[in-house]
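User: I'd like a close look at one part of this model, with the cut-offs spelled out as you go. Take whichever bit you can follow furthest.

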Amino acid sequence: MSDIYLQRLAQVLVRYSLNIEKGDRLAITTTPHAAPLVREVVREALRVGAYPEPMITLPGIEEIFLKEGSNEQLSYIPPSLRIARQDYETSLAIFAQENTQDLNGIDPARLGVRQQAFSDLGRTFLQRGADGTLRWCVALFPTTAYAQDAGMSLSDFEEFVYYACFLNEENPVARWLELSRQQERLIQWLKGKHQIHVRGLDTNLTFSIEGRPFMNGDGHFNFPDGEFSTSPVENSAQGVIRYSFPTAMNGRSVEDVRLRFENGVVVEASAAQGQDYLEKMLNLDEGARRLGEFAFGNNPHINRCTKNILFDEKIGGTIHLALGAGILQAGGLNQSAIHWDMVCDLRKGSEIWVDGELFCKDGKFVVEF
């Protein structure tokens, strides 16, 4: 990415997404590959009077821990990370992997130990985000690994990233505010509604959203963003769904996932690839078989699958439903060590009904305001 786009990205992250103020402590977690962006973020944070603290993880360290560490070592949480999650005012995680498959050889049971150990700290992190004591955001720095996953050259993937983030415009924040207003109109229409019915290819699923507000994903928690989401009532999902795009957890790819729900619980699950891993994650804890999130993808600049959930879940005309932990701000009660987003493409041959009224057809919103 050229300097102008890195500068714009840092400015938007610091001043819009995180709304960093003078005196704020900012934890920046990433890898050395994101150094060009980290430098710009640090520079911008200093300009507003904040205290940026890069926390850089070397490639391969997590693999060593998972292969060679004891259960006690896998469960250890470094004090610096605990303090950042529990006390700092702001947090920025920048994805910048050199190999997205580096954990493929790890026993899922050992991954489970790691996830369970960090689950309490994760809940604290999300609770602080919900009550406003922590402002956090997740972003991505383009690497060759992500470009290869997307089937693109690095330069093409860089262009895809800054286009998805509206960074090709002189005032990206104005564009994010425009998207925010459009999504807010849809959220207000959904306010007070009770039931969602999704119909599409190999999909016929109903669930309740009664009492569950939708959240406006407009670039404050994810960057890029472009979604509006809620947490379904935990015991309400009934029916079947087929997820169109590949999905991954801890670098393990699972494809063509089909789930059947009864009373909110996954009772049947299959995958054309990754069946064993899917089943192990579903059995990780009691909450892993229930829905924690339902969302509409709504970023007009993302229209293709990249095998990266930060982008794929925002594709306009799609929905995604996450297994596991619910969204606290949306009233979600489900607890789990996982939050696994899976994307369903509804751009052809689909309908979404809300309380018996057609809300979305073939990926297009059809309600009138």
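Analyst: Helices (H or I, at least four residues) and strands (E, at least two) here are DSSP runs, numbered from the N terminus. This is a predicted model, so local features need pLDDT of at least 70 and side-chain atom pairs count only at pLDDT 80 or more, while totals for chains, interfaces and linings use all residues. Residues are numbered from 1 along each chain as its sequence is written, and side-chain values use heavy atoms, with hydrogens and water left out.

Let's go for the second largest pocket, which has a volume of about 330 Å³. Its lining counts 17 residues, and the ones closest to the centre are Asn298, Asn299, Pro300, Gly316 and Lys364. (A pocket is an open set of points on a 1 Å grid over the protein atoms alone where a 1.4 Å probe fits, with protein on both sides within 12 Å along at least five of seven lines; lining residues have an atom within 4 Å of a point. The volume is the space filled by probe spheres set on those points, joined across faces, edges and corners.)

Sorted by class, that lining comes out as eight polar, five charged and four nonpolar residues, with Gly counted as polar. Helix 9 (172-190) and strand 19 (364-365) each bring at least two residues to the lining. Helix 9 is the top contributor, putting in four.

So, on to helix 9 itself. From first C-alpha to last, its 19 residues reach 27 Å, close to the 27 Å expected at 1.5 Å a residue (1.5 Å times one less than the residue count). Its buried set (under 20% relative accessible area, 1.4 Å probe, protein chains only) mixes residue types: Pro172, Arg175, Trp176, Leu179, Ser180, Gln183, Leu186, Ile187, Trp189 and Leu190. After helix 9 comes Gly192, with a positive phi near 85°.

Helix 9 also shows up in the packing of helix 8 (residues 154-164). There, Phe157, Glu158, Phe160, Val161, Tyr162 and Ala164 are buried. Among the elements covering those buried residues is helix 9, along with helix 1 (3-17), strand 4 (135-140), helix 7 (144-150) and helix 11 (309-312); contact here is heavy atoms within 4.5 Å. Helix 8 is also followed by a residue with positive phi, in this case Phe166, near 65°.

Put together, helix 9 gives the most to the pocket lining and also helps cover the buried residues of helix 8.

Key. Buried means under 20% relative accessible area, exposed over 50%, partly exposed in between (1.4 Å probe, protein chains only).
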